[in-house]
Amino acid sequence: MNIDLTTMPAANIYHLMTQTVIPRPIAWVLTQSGTQNYNLAPFSYFTPISSNPPLLMFSVGKKPSGEIKDTTRNVLANRKMVVHIAHQAQAESVTQTAATLEHGESEVAATGLELVSFDGFDLPRVQGCPVAFGCSLFEVKEIGDTPQSLIFAKIEQIYLDPNIVTEEGERLMINALSLNPLSRLGGSQYALTRDVFSVARPK
């Protein structure tokens, strides 16, 4: 089957892309709105793109009303965010924080999630998340007809759960099975890391 995307509505393209580019990591992004009011939302158009500088990128669409989402609004205003990698046990919470709320309403408060201090960073992090990246805004780029906001986040601090880390010389090694990251498939489906194998790279 060959599909010509020029004949397909954008919503159908989205559903096709999210069912074929799988699994996708999820950026569970915490931002601040006002004083001690925190927004938390998941994004699966997400990837690391550079290590020097250390950059992450995630793509944020619009609300059904056409307004920019709170994550974009808060990042532009405050220039700080915490990007979490959630694990299996947090699947329900991640899903609940995808709800569209009015600006200023907190997904953290609505879901009863707990935040803890993030040493060395301005914002807190979600308690129990095995990985959290404390980031500053590097750049926002608008693309497409809607348009979509590509948010480039520069990593300043990283929190790692000690239970997922071992040291091998100068390198930190992350145990993928212990991390057990939640990843996104199409529709309402998620995937887990069940098996890990290695293939030697050519020299």
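Start by selecting R73 in this predicted model. R73 is partly exposed, with a relative accessible area of 29%. Now add E67 to your selection: the two residues form a salt bridge, and their closest N and O atoms are 4.0 Å apart. E67 is partly exposed too, at 41% relative accessibility.

**More charged pairs**

The structure holds five salt bridges, so there is more to visit. Side chains of opposite charge can pair when their charged atoms come close. Select K63 and D70 next, where a salt bridge brings the closest N and O atoms to 3.2 Å from each other. Colour this pair by accessibility if your viewer allows. K63 is buried, with a relative accessible area of 11%, and D70 counts as buried at 5%.

Move on to E142 and K62. Their salt bridge has its closest N and O atoms 3.8 Å apart. E142 belongs to strand 9 while K62 sits in the loop between strand 5 and helix 2, so this pair ties together parts that are 80 residues apart in sequence. On the accessibility scale, E142 is partly exposed, with a relative accessible area of 41%.

To finish with charges, select K80, D122 and E156 together; a network of salt bridges links these three.

**Helix 2 and its surroundings**

Select residues 70-78 to bring up helix 2, where D70, T71, T72, N74 and V75 are buried. What covers them? Show the neighbouring strands: the cover includes strand 2, strand 3, strand 5 (54-60), strand 6, strand 9 (131-143) and strand 10 (148-160).

Now step just past the end of the helix to R79, which takes a positive phi of about 65°. That is a positive value in a residue other than glycine. R79 is found in the loop between helix 2 and strand 6, and R79 is partly exposed, with a relative accessible area of 44%.

**Strand 2, an enclosed strand**

Select residues 27-32 for strand 2. Is this strand enclosed or open? Six of its six residues are buried, so strand 2 is largely enclosed by the rest of the structure. Turn the view to see the side chains alternate: A27, V29 and T31 point one way, W28, L30 and Q32 point the other way, and all are buried.

Add residues 38-43, which make up strand 3; strands 2 and 3 pair in the antiparallel sense over six bridges. To see the pairing up close, select V29 and find A41 of strand 3 standing opposite. The two strands form a hairpin with five residues between them, and in the turn G34 has a positive phi of about 75°.

Then add residues 80-85 for strand 6. Strand 2 and strand 6 run antiparallel and are joined by three bridges. Here L30 is the residue to select, with V82 of strand 6 opposite.

**Two cysteines that stay apart**

How many disulfides are there? The count comes to zero. Select C129 to see this for yourself: C129 is in no disulfide, and the nearest cysteine sulfur, that of C135, is 13 Å away. At that distance from the sulfur of C129, the sulfur of C135 is too far for a bond. C129 counts as buried at 2% relative accessibility, and C135 is buried with a relative accessible area of 0%.

**Backbone details**

Select I22 and P23 and show the backbone. The peptide bond from I22 to P23 is cis, with omega near -15°. P23 has its place in the loop between helix 1 and strand 1 (24-25). Another cis peptide bond joins N52 and P53, with omega about 10°; look for P53 in the loop between strand 4 (46-51) and strand 5.

Next, go to N180, in the loop between helix 5 (176-179) and strand 13 (183-184). The phi of N180 is near 50°, a positive value in a residue other than glycine. N180 counts as buried at 17% relative accessibility.

**Last stop: a surface patch**

Switch to a surface view and select M1, I3 and L5. These residues form a nonpolar patch on the surface, with about 370 Å² of accessible area together. Within the patch, I3 lies in the segment before helix 1 (10-20), and I3 is partly exposed, with a relative accessible area of 41%.

Notes
Residues numbered from 1 in each chain as written. Predicted model: local features only at pLDDT ≥ 70, side-chain atom pairs only at ≥ 80, totals over all residues. Heavy atoms only, no water. Patch = residues over 30% accessible without salt bridge, like charges linked within 9 Å, V, L, I, M, F, W, Y side chains within 5 Å. Areas by Shrake-Rupley, 256 points an atom, 1.4 Å probe, with all protein chains shown as cover. Salt bridge = Lys/Arg side-chain N within 4 Å of Asp/Glu carboxyl O. Helix = DSSP H or I, 4+ residues; strand = E, 2+ residues; numbered from the N terminus. Buried < 20%, exposed > 50% of the residue type's maximum accessible area, 1.4 Å probe, protein only. Pairing = 2+ DSSP bridges. Contact = heavy atoms within 4.5 Å. Disulfide = S-S within 2.5 Å.
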